[in-house]
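Trainee: I should like to understand how the terms used for a structure are justified. May we go through them one at a time?

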Amino acid sequence: MADLSNPKRTIEVIQKYSFVFQKKFGQNFLIDPYVVEKILTSATLTKEDCVLEIGPGIGTMTQALAEQARQVIAVEIDRNLIPILSDTLAGYSNVTVIQADILKMDLKKLAQEQNGGRAFKVVANLPYYITTPIIMSILESKVPVDSITVMVQKEVADRMKEMPGSKEYGALSLAIQYYTKPEIVANVPPNCFIPRPKVGSAVIRLTRYKEPPVFVMDETLLFALIRASFNQRRKTLVNGLVNSQEITYTKEQIQAALEAQNLSLSIRGEMLSLQQFAELSNLLVKMIKKESK
Ligand code: SAM
């Protein structure tokens, strides 16, 4: 069953199986062949690659992925889509469909079992209600991935790329930029999906760094500092950190670290770059070491 990205074919499949869209699963199926093609070329697949697709839907992108990659592992939560996928993917021997909630899967184990521990390329038109938890859990739990090429809400794609000082700059921007190089490769309007989402979408490619772009002695502390700064966005950085349960440094230590960085004591967290957060965390780590001598 070829070319599901043609809207007529998608409607035929949906009618054949009397499929009912489930809002709770963020189901907006792609019906634009150019967008499928754009995602595919951005993912730069080769016959060596094992692709992890999150949420194959009726298999529109899965078919195209199977043509270009060595292997595709497609994880779909909705049981009602499994018989449809057996039908639409019947001609592809290199696709494995797993019915599961991606957030509950051990993806490191999956990489071990399905790809000998080698890195996946993640490609997906993501369910928007769990975009951030999916991406963050892949990055933080160090699942082996080379790149993540995904359709997300436009606003979320923009946030991932924001720099200090902008209103949308925050913990997500910093985490994404610590682990990956983000590039928006396409903007996609609502009429490319069935049913139409209420918001605009974008395809973003996140290429994982082999080493983070900044040197950090204690990653846990770095992310605790970032969370604390943006949890209390309107406070100064010093007050945000002092009020946080997660941060155990004193006000004096934090002020001393900021002074060592030539930063104002009244600066807000949203003005610090990733490099400055990294330096702040490294200065604080050294302080504790000095005091515990
Ligand atoms: N890839 C298809 C396409 O482009 O037409 C469908 C994309 S649709 C935006 C998101 C898909 O993710 C749906 O098929 C939905 O059922 C599935 N999904 C939602 N939550 C999921 C989860 N937690 N784990 C795995 N799949 C999920």
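Trainee: What makes helix α3 (residues 60–68) largely enclosed by the rest of the structure?

Mentor: This is a predicted model. In it, seven of the nine residues of helix α3 are buried, so the helix is largely enclosed by the rest of the structure. Buried means under 20% relative accessible area. The residues of α3 that meet this cut-off are Thr-60, Met-61, Thr-62, Gln-63, Ala-64, Leu-65 and Ala-66.

Trainee: Why is the pair formed by Gln-27 and the ligand called a polar contact?

Mentor: A polar contact requires a pair of N or O atoms within 3.5 Å. A polar side-chain atom of Gln-27 lies 2.9 Å from an oxygen atom of the ligand, so the pair meets the definition. By the same cut-off, two other pairs qualify: a polar backbone atom of Gly-57 is 3.3 Å from a ligand oxygen, and a side-chain N or O atom of Tyr-129 is 2.9 Å from a ligand nitrogen.

Trainee: How much of the ligand does the protein cover?

Mentor: On its own the ligand has 600 Å² of accessible area, and the protein covers 99% of it. The space that the ligand takes is the largest cavity.

Trainee: Which residues come nearest to the ligand?

Mentor: Of the 23 residues around it, these are Leu-30, Gly-55, Glu-76, Asp-101 and Asn-125. Strands β1 (29–30) and β3 (71–76) each supply at least two residues of the shell.

Trainee: How do the residues of the shell around the ligand divide?

Mentor: They comprise 13 nonpolar, six polar and four charged residues. Gly counts as polar and Glu as charged, so Gly-55 and Glu-76 fall into those respective classes.

Conventions:
Residues are numbered from 1 along each chain as its sequence is written. This is a predicted model: local features need pLDDT of at least 70, side-chain atom pairs count only at pLDDT 80 or more; totals for chains, interfaces and linings use all residues. Side-chain values use heavy atoms; hydrogens and water are left out. Buried means under 20% relative accessible area, exposed over 50%, partly exposed in between (1.4 Å probe, protein chains only). Helices (H or I, at least four residues) and strands (E, at least two) are DSSP runs, numbered from the N terminus. A residue is near a molecule or strand if one of its heavy atoms lies within 4 Å of it. A polar contact is a pair of N or O atoms within 3.5 Å; within protein, one must be able to donate a hydrogen and the other to accept it, and residues adjacent in sequence count only if both atoms are side-chain atoms. Accessible areas come from the Shrake-Rupley method with a 1.4 Å probe; for residues, only the protein chains shown count as cover. On a 1 Å grid over the protein atoms alone, a cavity is a set of points where a 1.4 Å probe fits but cannot get out, and a pocket is an open set with protein on both sides within 12 Å along at least five of seven lines; lining residues have an atom within 4 Å of a point. A molecule sits in a cavity or pocket if more than half of its atoms lie within 2 Å of its grid points.
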